[in-house]
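Visitor: Could you take me through one part of this model up close? I'd like to see how a single helix ends, and then whatever else you care to point out.

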Amino acid sequence: MTAFHWFLPTSGDGRTLVGGGHGAAVRGVQREPDIEYLAQIARTAEQLGFEGVLTPTGTLCEDAWLTTAALTRETERLKFLVAFRPGLLSPTLAAQMAATYQRLSRGRLLLNIVTGGETAEQARFGDHLGHDERYARTDEFLTVLRGAWSGTSFDFSGNYYEIEGATVREAPDPAPRLYFGGSSGAAGPVAARHADVYLTWGEPPEQVRRKIEWVRELAAREGRALRFGIRLHVVTRDSAKEAWTAANRLLDDLDPAEIAAAQQGLARSESVGQQRMRALHETFRKGGSSHDLEIYPNLWAGVGLVRGGAGTALVGSHAQVAERIEEFAELGIDEFVLSGYPHLEEAYWFGEGVLPELTRRGLREVAA
């Protein structure tokens with residue numbers, strides 16, 4: 001069955017576009033990411049029926065491990081998709097942290113492996129490896145991580161890690177699912193060998209289809225089958241007119257100079273996925289209208305003007321958004337990781353408007 005997740009804005013939230021990440025400066029924060037507000041979003045996501053919430057990683061965010069560990073005491077069944085960069089801590093320590101988290105939360109940990117695509121961001125943590133080397137290191141990291149969870153002492157000798165007797169006090173049961181993204185040639189094989197769920201950002205369906213086929217073929221060579229997920233924002237309302245009015249309102253406080261500065265920063269990212277996101281609104285950057293940001297029916301690239309990472313949103317009536325989700329599901333997307341500004345209010349719009357429609361379409365079961 002298809003899974004739906006929401007997002008915790010640990011770098012701040014607002015009623016307009018909150019920018020930042022992948023070289024773009026932080027902007028638009030009207031609500032600070034204090035624990036009370038994040039707990040409000042987490043409880044709302046749980047009440048509305050989302051399976052989990054993604055918590056991002058990076059110097060612009062609060063730490064994902066610490067924040068979500070605190071929120072496990074504010075919720076009962078909600079899962080936490082914790083993003084972290086594997087090159088910045090020992091794989092054995094990560095295995096221990098995850099095993100402890102999984103026991104204390106009673107099985108509510110998911111892990112989002114973020115190899116990193118921005119040189120300046122990596123350098124802040126003392127990491128100076130090149131793009132492809134980071135993926136090679138991630139390959140070794142995940143080998144050790146799973147080895148430490150195996151229940152037996154695990155040794156490993158590679159180019160980046162020399163590990164003797166990796167283990168944890170008690171193997172996590174179940175082992176946290178590993179979510180992994182990356183559009184480069186270096187990323188695909190790592191996903192095929194280690195990921196449980198391959199994540200892509202929200203591109204037009206044909207591009208998503210090709211990416212799924214690419215990773216599925218790589219996984220088949222490894223004798224594995226993966227689930228596939230997509231990361232999207234949403235702006236959904238009772239009518240399409242209301243939704244597009246809300247989407248365009250998000251752009252009201254942006255000026256061309258601010259967009260240009262953000263794009264200049266995003267252009268420096270080494271992430272192939274980020275380069276693909278930037279290409280989706282090329283027409284707009286060359287003088288097009290806001291209408292040019294609709295790159296496919298109900299798929300809007302406006303968020304990526306000032307925000308790094310996921311830069312597209314599903315915009316439309318509840319039925320239209322459900323239709324697009326169904327289209328992606330038919331391509332092979334099993335999990336949807338969603339967000340919207342502000343995250344508290346937009347969770348209600350989606351949860352009360354779209355989730356019931358998805359249930360009627362057979363894409364979602366109502367949780368007991």
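Guide: Right after helix H12, Gly 332 takes a positive phi of about 120°. Keep in mind that this is a predicted model. Backing up into the helix itself, H12 covers residues 318–331, and at 1.5 Å a residue its 14 residues should span 20 Å; the end C-alpha atoms are 20 Å apart, so the two figures agree. As for what is tucked away, the buried residues of H12 are His 318, Val 321, Ala 322, Arg 324, Ile 325, Glu 327, Phe 328 and Ala 329. It helps to remember that an α-helix has 3.6 residues a turn, so residues three or four places apart point the same way.

A positive phi also turns up in a hairpin: His 22 has one near 55°, with two residues between strands E2 and E3. Those strands, residues 19–21 and residues 24–27, pair in the antiparallel sense over two bridges, and Gly 19 has Arg 27 of E3 as its bridge partner.

Now for empty space. Searching the whole structure turns up one cavity of 30 Å³ or more, and the volume of the largest cavity is about 30 Å³. Its lining is made up of His 233, Val 234, Val 235, Leu 250, Val 303, Ala 313, Ser 339, Gly 340 and Tyr 341. Strand E11, residues 227–237, gives the most to that lining, with three residues. By type, the lining of the largest cavity comes to six nonpolar residues, three polar and no charged.

Key: Residues are numbered from 1 along each chain as its sequence is written. This is a predicted model: local features need pLDDT of at least 70, side-chain atom pairs count only at pLDDT 80 or more; totals for chains, interfaces and linings use all residues. Side-chain values use heavy atoms; hydrogens and water are left out. Helices (H or I, at least four residues) and strands (E, at least two) are DSSP runs, numbered from the N terminus. The expected span of a helix is 1.5 Å times one less than its number of residues. Buried means under 20% relative accessible area, exposed over 50%, partly exposed in between (1.4 Å probe, protein chains only). Two strands pair if DSSP finds at least two bridges between them. On a 1 Å grid over the protein atoms alone, a cavity is a set of points where a 1.4 Å probe fits but cannot get out, and a pocket is an open set with protein on both sides within 12 Å along at least five of seven lines; lining residues have an atom within 4 Å of a point. Grid points are joined across faces, edges and corners, and a volume is the space filled by probe spheres set on the points. Ala, Val, Leu, Ile, Met, Phe, Trp, Tyr, Cys and Pro count as nonpolar, Asp, Glu, Lys and Arg as charged, and the others, Gly among them, as polar.
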